[in-house]
Amino acid sequence: MSGQTIQLNDSIYEYLLDVSLRESPELRALREETASMPEANMQISPEQGQFMALLAQVMGAARAIEVGTFTGYSAACLATAMGPRGRLLACDVSKPFTDIARKYWEKLDIDDRIDLRLAPALETLDRLCEDTDQHDFWDLAFIDADKQNYEPYFERLLILVRPGGVILVDNVLWDGQVVDPDDKDTDTRAIRSFNRARLTDQRIDLSMVPIGDGLTIARKR
């Protein structure tokens, strides 16, 4: 029994992966290729990818939106979990990064489930919001992009996600910087503001999970 979440040292973390991670060879290869890149810290952890995939399966999700795709690991986790009938709309602005993603999506035979939109995500989401048929239509959304736009991303996704649907938000613990009073960085302040606003947001049910860099789970009421 414990009244507080256990602190993960390297040994416990490796044990966690050893006894619980079910990662395909293709996903592992994608994660390892991404780990060699200077921007590797933008990649979600494998246990977070598996957790998000399980959430999608528990929900029976078939339609998802991802804001921030990078090299495609999280998209691959979600698209695989949703099965052949699942559809994922992925928003990103980087062709070089998403070219890596496409390569692995093809290897996983899920490329036909993913609609990649290379444009600023707010533009893509605004177009969706203009179509009332898209309102309350999507089962699941994942935000993992520029931190200063977390709030506008979230507001648009609340229009698009159905009641009972879930919005996942990454990096909400921001490597611990959210509790550093000396950190005045713009991204840090944006995450603090976003987190505080969710606490009293009566449109959602809420949990923040200390997985990866912190993951908020918001269920639309």
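Which residues are linked in a network of salt bridges? In this predicted model, the network consists of Glu 151, Glu 155, Arg 198, Asp 201 and Arg 203. The structure holds 16 salt bridges.

Within the network, Arg 203 and Asp 201 are joined through their side chains by a salt bridge with an N to O distance of 2.9 Å. The two partners fall into separate accessibility classes. Asp 201 has a relative accessibility of 9% and therefore counts as buried, the limit for that class being under 20%. Arg 203, with a relative accessible area of 36%, is partly exposed.

A salt bridge also connects Asp 205 with Arg 219, at 3.1 Å from N to O. This pair links distant parts of the chain, with the two positions 14 residues apart in numbering: Asp 205 belongs to strand S6 (residues 204–209) and Arg 219 to strand S7 (residues 215–220). Asp 205 is partly exposed at 30% relative accessibility, and Arg 219 is likewise partly exposed, at 40%.

A further salt bridge is formed between Asp 99 and Lys 95, whose closest N and O atoms are 2.9 Å apart. Both residues are located in helix H5 (residues 95–107), where a spacing of four residues corresponds to about one turn of the helix. Asp 99 has a relative accessibility of 35% and so counts as partly exposed.

Key
Residues numbered from 1 in each chain as written. Predicted model: local features only at pLDDT ≥ 70, side-chain atom pairs only at ≥ 80, totals over all residues. Heavy atoms only, no water. Salt bridge = Lys/Arg side-chain N within 4 Å of Asp/Glu carboxyl O. Buried < 20%, exposed > 50% of the residue type's maximum accessible area, 1.4 Å probe, protein only.
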